Amino acid sequence: MISIYRQLQEINQNYSNWTGSIHYRRILKLKGIVQPTVVSTEYKVEIIYEPSKHPRIYVISPKLEIHPEKDKLPHVWTDTGSLCLYENEYDVASDLLAESVIVWITWWLYYYEIWLQTGKWVAKGTHPDKW
C-alpha cells in the first residue's frame with residue numbers, strides 16, 4: 001500500500017494544477033482542474049482518498065449535465081455520486097493516484113463529453129450498453 005504522504009508528494013511533483021491536504025493523518029483530499037482536450041471545458045474535480053477505501057471522485061464544477069434522452073449520468077455510483085472509473089475489485093491502493101486515478105478522470109470526462117453529444121457511452125466498461 002502506498003502511503004497518502006507519498007501519494008500527495010507524487011501529485012505535487014507531477015500536477016501543478018492540483019492541490020492536496022492530509023486530514024486526520026489518514027484522509028487525502030485533492031482538488032484540481034481537468035481539461036480532457038484543448039477544446040473541452042475545464043472541470044474542477046475533488047478526490048477524497050483513504051487507503052482502505054475506494055477513492056471518491058466528484059466533479060465540483062461545472063455541474064455535469066444529463067443527455068436530453070437519458071435520465072441519469074453514466075458510470076456514476078448511485079450511492080455516493082462518485083465517478084465510476086474502474087472495476088470494484090481493483091486494488092487502487094497499490095497504484096499512484098497520479099498515474100492512475102487522475103489519468104482515468106481525464107478519460108472519463110472525455111467520454112462524458114462524447115456521451116453528452118451523442119447519448120452513447122463509447123468507452124469500455126462492465127455495463128457500457130446500459131448508457
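## Helix H1 and its buried side

In H1, a helix spanning 4-14, the residues Ile-4, Gln-7, Leu-8, Glu-10 and Ile-11 are buried, a word that here stands for under 20% relative accessible area, with exposed meaning over 50% and partly exposed in between (1.4 Å probe, protein chains only). These residues lie on the same side of H1, because they cover an arc of only 160° around the axis, where the arc is that of the directions from the helix axis to the C-beta atoms. The buried residues of H1 pack against strand S1 (18-23), S2, S3 and H2. Helices (H or I, at least four residues) and strands (E, at least two) are DSSP runs, numbered from the N terminus.

The model is predicted, and local features need pLDDT of at least 70, side-chain atom pairs count only at pLDDT 80 or more, and totals for chains, interfaces and linings use all residues. Residues are numbered from 1 along each chain as its sequence is written, while side-chain values use heavy atoms and leave out hydrogens and water.

## The largest nonpolar core

The largest nonpolar core (a set of buried Ala, Val, Leu, Ile, Met, Phe, Trp, Tyr and Cys residues joined through side-chain atoms within 4.5 Å) holds 33 residues, of which Trp-18, Val-45, Ile-47, Leu-64, Ile-105, Trp-108 and Leu-109 touch the most other members. At least two residues of this core come from each of H1, S2 (27-34), S3 (43-49), S4 (56-61) and H2 (101-118), and H2 gives the most, with seven residues.

Leaving aside neighbours within four places in sequence, Ile-47 is in contact (heavy atoms within 4.5 Å) with residues that include Trp-18, Leu-28, Leu-30, Ile-57, Val-101 and Ile-105.

## Strand S3 and its partners

Six of the seven residues of S3 are buried, so that the strand is mostly covered. S3 runs antiparallel to S2, to which seven bridges join it, and Gly-32 stands opposite Val-45 in S3; strands are taken to pair if DSSP finds at least two bridges between them. S3 and S4 also run antiparallel, joined by five bridges, with Glu-46 opposite Tyr-58 in S4, and a hairpin links S3 to S4 through six residues.

## Ser-40 in the loop

Ser-40 is found in the loop between S2 and S3, and it counts as buried because its relative accessibility is 9%. Its side chain is joined to that of Thr-37 by a polar contact of 2.6 Å, and a polar contact of 2.6 Å also joins the side chains of Ser-40 and Glu-113. A polar contact is a pair of N or O atoms within 3.5 Å; within protein, one must be able to donate a hydrogen and the other to accept it, and residues adjacent in sequence count only if both atoms are side-chain atoms.
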